[in-house]
Structures are given as structure tokens and as C-alpha cells.
Amino acid sequence: MSLTATTLIALVALVFLLAGAQKLLLRPQVAANLLRLGVGSATTRSIGALEIAGALGLVAGLWWRPLAVAAAAGLTLLLIGAIGYHARARDFAHRRHRSHAVVPVLLAMITGTTTMMLLLAPS
């Protein structure tokens, strides 16, 4: 795997490991924002566990590429769900919450690009 792919995977994994830990631990600011979107504490913890699993899958995928592809694709799907929740709450229209809504869009683009890069890279 190229240095670019390895670096991208490591950075994405770090982002999701940190974000997942905050959700799993129900950090007050994160939990309050998700509660505003209609996501309860049990679902918040589940999302955190999925983010951590995705991060670990990306790192393990450095040695077995199909696992990295599955992890990146799973994280992309999770983020598409997050975009849906933000759209339903009309966060894109409210200046106060717009930054919370844009982050999943950017991360979905990055994880989607990572998935495609892993799929198209020579073995």
C-alpha cells in the first residue's frame, strides 16, 4: 500500500477513534448535540462503538485490504445516516448548527474517497 494511502487511513482512523470514544463515553457536549437531533444515549453509544470498530478495521486493513475496504465503506454509510439526521433537523439552514452538519459531509467525502482508493489501488 502506498504511503499516501497509509497516511490517509491512519488519519481517518484517528478521527473516528476519537469521535467514537466521545460518543461511547457520552461526553456532555456530544450527547447534547445528538439528543437535539433525536438520537438517544443508547444509540449514541452504538454509533460510537461503530466508529471505533471502523477505525480499528481501517488500521487492521493495512495488512488485509478487504477489511479496510469494508471499514471505509461502513463509515461512509454511517456518515450518510448522520447527514440525513442533520438534514431532517434543518441544520444546513441554521447558521448556529451548520458547522455540525458540514462535518459529516466532509468526512463522508474523505471516507468515500478512501474506499475508492483502496478498491482501485493495485495489490
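In the predicted model, the contact of helix α1 with helix α3 is formed by I9, V12, A13, F16, L17, A19, G20, A21, K23 and L24 on the α1 side, which meet T44, R45, I47, G48, A49, E51, I52, A55, L58 and V59 on the α3 side. Sorted by character, the residues of this contact comprise 14 nonpolar, three polar and three charged. The two helix axes come within 7 Å and cross at roughly 155 degrees; since angles over 145 degrees count as roughly antiparallel, α1 and α3 are therefore described as roughly antiparallel to each other. The crossing of this pair is left-handed.

Two of the charged residues named in the contact of α1 with α3, K23 and E51, also form a salt bridge, in which the closest N and O atoms are 3.1 Å apart. Side chains of opposite charge can pair when their charged atoms come close. The count of salt bridges in the model comes to one. Because E51 belongs to helix α3 (residues 41-60) and K23 to helix α1, the pair ties together parts that are 28 residues apart in sequence. With the cut-off for burial set at under 20% relative accessible area, both partners fall on the buried side: E51 is buried because its relative accessible area is 6%, and K23 likewise counts as buried, with a relative accessibility of 13%.

Helix α1 (residues 3-24) also packs against helix α5 (residues 98-120), at an angle of about 140 degrees and with the axes 11 Å apart. That angle makes α1 oblique to α5, and the crossing, in which α1 passes α5, is left-handed. On the α1 side the contact involves A5, L8, I9, V12, V15 and F16, which meet L107, I110, T111, T114, M117 and L118 of α5. Its residues divide into ten nonpolar and two polar, with no charged residue. Residues I9, V12 and F16 of α1 appear in this list of contacts with α5 and also in the list of contacts with α3.

Within helix α5, the position of T114 can be described in further detail. T114 counts as buried because its relative accessibility is 1%, and, when residues up to four places away in sequence are not counted, T114 touches L8, I9, V12 and A72. Of these neighbours, L8, I9 and V12 are among the α1 residues that take part in the contact with α5, whereas A72 falls within the residue range of helix α4 (residues 65-88).

Two further pairs of positions bring together separate parts of the chain. A87, which is found in helix α4, counts as partly exposed because its relative accessibility is 40%; its C-alpha atom lies 7.8 Å from that of A101, a residue 14 positions away in sequence. A101 itself falls within the range given for helix α5, residues 98-120. G38, by contrast, is placed in the loop between α2 (28-36) and α3, and this glycine is exposed, since its relative accessible area is 54% and the cut-off for exposure is over 50%. The C-alpha atoms of G38 and A89 are separated by 8.8 Å, although the two residues are 51 residues apart along the chain.

Note on methods: Residues numbered from 1 in each chain as written. Predicted model: local features only at pLDDT ≥ 70, side-chain atom pairs only at ≥ 80, totals over all residues. Heavy atoms only, no water. Axes fitted to C-alpha atoms, helices over the stretch in contact; angles between N-to-C directions. Helix = DSSP H or I, 4+ residues; strand = E, 2+ residues; numbered from the N terminus. Parallel < 35°, antiparallel > 145°, perpendicular 65-115°, else oblique. Left-handed = near helix turned anticlockwise from the far one by under 90°. Contact = heavy atoms within 4.5 Å. Nonpolar A, V, L, I, M, F, W, Y, C, P; charged D, E, K, R; others polar. Salt bridge = Lys/Arg side-chain N within 4 Å of Asp/Glu carboxyl O. Buried < 20%, exposed > 50% of the residue type's maximum accessible area, 1.4 Å probe, protein only.
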